[in-house]
Structure formats: C-alpha cells, structure tokens
Amino acid sequence: MQVWLPNTKQAEVGDKVCVELGARGMLRATWLAYIFPLVMLFAGVAAGYFLAPENSRDIIAAFAGLAGAGLAYILLKINNKRFEKDAAANDSKIAESFRQIEDKKEFLQYLKKAQKQKEIGLWLITEPVDATTKKEELLGVALSVSDEETVFYALTHEKEPEGQLSLFAEAVESVDDTAEITEALQELSAGTDTQIATFDVKHQYDYLDRSSTEQYFDVLIAAYLLNPLKNDYDMEAIASEHLGILIPGRAEIFGKRDFRTLLSEDAGKAMEYACYGAYVSRKGKKVLKDKLEAAGMKCLMEEMEMPLSLVLYDM
C-alpha cells in the first residue's frame, strides 16, 4: 500500500521518518482499507449464491463477490476525493477569517476590547534575541476571539544605526513598540475574567501576567498529558488529531527560515501561521479539556502542570 504525504519536515532521501496515526484514525483507516471491502466481498458472494439458480451458484457467487469488492473500491475512491475536497474547503474557510492589524493604536484598542471576552485564543510569536541569552523577543501577537475573527499584529523593532553618524546624515530614532504591547498583554492576562488558551505558554511568560496560572490553558501540555508517548507535539498535529482539521505545518511554511525572516519576506504567510496558532488554541481548548476530564486528568492539568510551567519558566 502506498500513502502519499506532504513533505512538511523537509525530509530527504535516506532520512528516517516516523509517521504516526491516532487511535481513532487508525481504526477508521483499518475499517475502510480492510473490513469494508471484505464485508462487500462476502455480501456479494452471499447475494450471488442465494439468488442464482442451483446449477450455477458457485460461479455466480464468485463473480458477485468480485463485483462487491470492486464496488467497495469505487466507493472508497469517491469518499477519498470528497474528503480531500471538504478538508481543503474547510481549511480555506478558516483562513478567510484571518486578518492583520498594522496600526498599533488599533491593535491596542482591540486588546482592550478582548478583555470583555470570556475565552480567547492567544499566541505570542517569540524567538531568542541571540545565542547568548534565554530572553525571548516578541515578534508578533495573534488573537482569536471567535470562529469569524482572528487577528495578527507584527511588532516593530527598528533600532538606531550603529557607528558614528555624519554631520549631514538624518538622525533616525529607534522604534520599538514592545513595551506598550507588553503592558496591554499583561493587562489582558491579569485575573481570571478572560480565560486564555495558548500553545507552549512558558515561552510567552515574559510578556504575560505571571501572578497566577488559573487563567491559562496550554494546549501543548494538554495534548502531551493525553498521549505522553508521543515524542513531540506541534500545532498542526494538535489540529489534526483533536480537531480533525489540516493546517500548514511550520516546516512547510518556514523551510529553513526563522520567523523574523519569514515576516520580512512573506508577511502573509507569517500572519497565517500565527493566526492558525491562536485559532487552534481557542478551538482546541474545549475538546482537550473534555478529554482530560474524561481521562481523570483535569486536576492534574490545572493544579500541577500549569503551575509547573511557571516554575520551569523561572528556572
């Protein structure tokens, strides 16, 4: 059997790749690939045997069985094409609700309004400032308040040119809106009135309120608790396994670039990547929370894992 998958990890010939399928997906795939064709085969044999004249039952039953298996194959092909079409349409519809806010004042007002929401998806895109420090620089903020609206704001980091300026050179002031955005984010995340779903919160604590973790729900931690045997979780894996939606993977979008480079070279792709993160965090929270409760791990998540994320941040 051949299975074609997108090369989201940029694998090359000779690389070893682990392909994992969730339990529900495995059962569904087993049913479609093996059990359904067998059921159709035996149904065809039975129908041919009991409906055919006595003197030709065997041969008619054989052909009817083959016809049933062939019909199963045709139905699977039709279903597969419909699934691919529906998945593509669904993913495209999600991305249509994404937009970028370019004006800082407008975004600050948007963060203010978000405080009235009971639940939001928030994803701060951060990357290390340099190799010598663990400090994460805030590059962008994605915020999802509903299925119809997810926004992204890219921060400005323009510094004064190094070296001595000539007498005739125009002075350039440094522009960095990190402080204002951080203040607004900390105000948004203070208290428990607004519940915030996010991905990998410990890399975002630099810019969020750290007086408590009761207002946060980390979908990465939740997914890990539900399946601790998996090596690593990324946003696209959570979206596929728990929400049943296919979103572009980091490797597919970034290649070998970091977010800074992607933002300067393809701002649209950077915005889409960040917005998917906030969208999946918000949508995934209820699904993951229900699964944790069913597995008896809700208290473990809220009382141990989330506070532990703050401890790990401080280390």
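**Salt bridges, pockets and local features of the predicted model**

Arginine 257 has a relative accessibility of 30% and therefore counts as partly exposed. The structure described here is a predicted model, and arginine 257 takes part in one of its salt bridges, in which its side chain meets that of glutamate 265 at an N to O distance of 3.0 Å. The partner, glutamate 265, has a relative accessible area of 54% and is classed as exposed, since the cut-off for that class is over 50%.

In total, twelve salt bridges are found in the structure. Another of them joins arginine 99 to glutamate 149, with 3.1 Å between the closest N and O atoms. Because arginine 99 belongs to strand 1 (residues 98–100) and glutamate 149 to strand 4 (residues 149–154), this pair ties together parts of the chain that are 50 residues apart in sequence. Arginine 99 is partly exposed, its relative accessible area being 32%, and glutamate 149 is likewise partly exposed, with a value of 26%. The pair does not stand alone, as Arg99, Glu106 and Glu149 are linked in a network of salt bridges.

A salt bridge within a single helix is formed by lysine 286 and aspartate 290, the closest N and O atoms of the two residues lying 3.0 Å apart. Both residues are located in helix 9 (residues 267–294), and because they are four residues apart there, about one helical turn separates them. Lysine 286 counts as exposed at 58% relative accessibility, whereas aspartate 290, with a relative accessible area of 38%, is partly exposed.

Helix 9 also contributes to an enclosed space in the model. A search of the whole structure gave one cavity of 30 Å³ or more, and the volume of the largest cavity is about 40 Å³. Its lining consists of Trp123, Met235, Glu236, Ile247, Pro248, Tyr273, Tyr276 and Gly277. At least two of these residues come from helix 6 and at least two from helix 9, with helix 9 giving the largest share, namely three residues. When the lining of this cavity is sorted by class, six residues are nonpolar, one is polar and one is charged.

The second largest pocket has a volume of about 340 Å³. Of the 15 residues that line this pocket, Trp123, Thr126, Phe199, Arg250 and Tyr273 lie nearest its centre. Trp123 and Tyr273 are also named in the lining of the largest cavity. Strand 2 (119–128) and helix 6 (235–243) each supply at least two residues of the pocket lining, and the largest share, five residues, is provided by strand 2. The class composition of the pocket lining is six nonpolar, three polar and six charged residues, to be set beside the six nonpolar, one polar and one charged residue of the cavity.

Aspartate 200 follows Phe199, one of the residues nearest the centre of the second largest pocket, and is placed in the loop between strand 7 (195–198) and strand 8 (216–218). The backbone of aspartate 200 has a positive phi of about 60°, although this residue is not a glycine. For most residues other than glycine, phi is negative. With a relative accessibility of 16%, aspartate 200 counts as buried, because the cut-off for that class is under 20%.

Leucine 220 is also assigned to the buried class, at 18% relative accessibility, and is situated in helix 5 (residues 219–226). The C-alpha atom of leucine 220 is separated by 6.7 Å from that of tyrosine 233, a residue 13 positions away along the chain.

On the surface, a nonpolar patch is formed by Leu71, Tyr73, Ile74, Leu75 and Ile78, which together have about 490 Å² of accessible area. Leucine 71, a member of this patch, is found in helix 2 (residues 57–95). The relative accessibility of leucine 71 is 41%, and this residue therefore counts as partly exposed, in contrast to leucine 220, which at 18% counts as buried.

Key:
Residues numbered from 1 in each chain as written. Predicted model: local features only at pLDDT ≥ 70, side-chain atom pairs only at ≥ 80, totals over all residues. Heavy atoms only, no water. 1 Å grid on protein atoms, 1.4 Å probe; cavity = no way out; pocket = protein on both sides within 12 Å on 5 of 7 lines; lining within 4 Å. Points joined across faces, edges and corners; volume = space filled by probe spheres on them. Nonpolar A, V, L, I, M, F, W, Y, C, P; charged D, E, K, R; others polar. Patch = residues over 30% accessible without salt bridge, like charges linked within 9 Å, V, L, I, M, F, W, Y side chains within 5 Å. Areas by Shrake-Rupley, 256 points an atom, 1.4 Å probe, with all protein chains shown as cover. Salt bridge = Lys/Arg side-chain N within 4 Å of Asp/Glu carboxyl O. Buried < 20%, exposed > 50% of the residue type's maximum accessible area, 1.4 Å probe, protein only.
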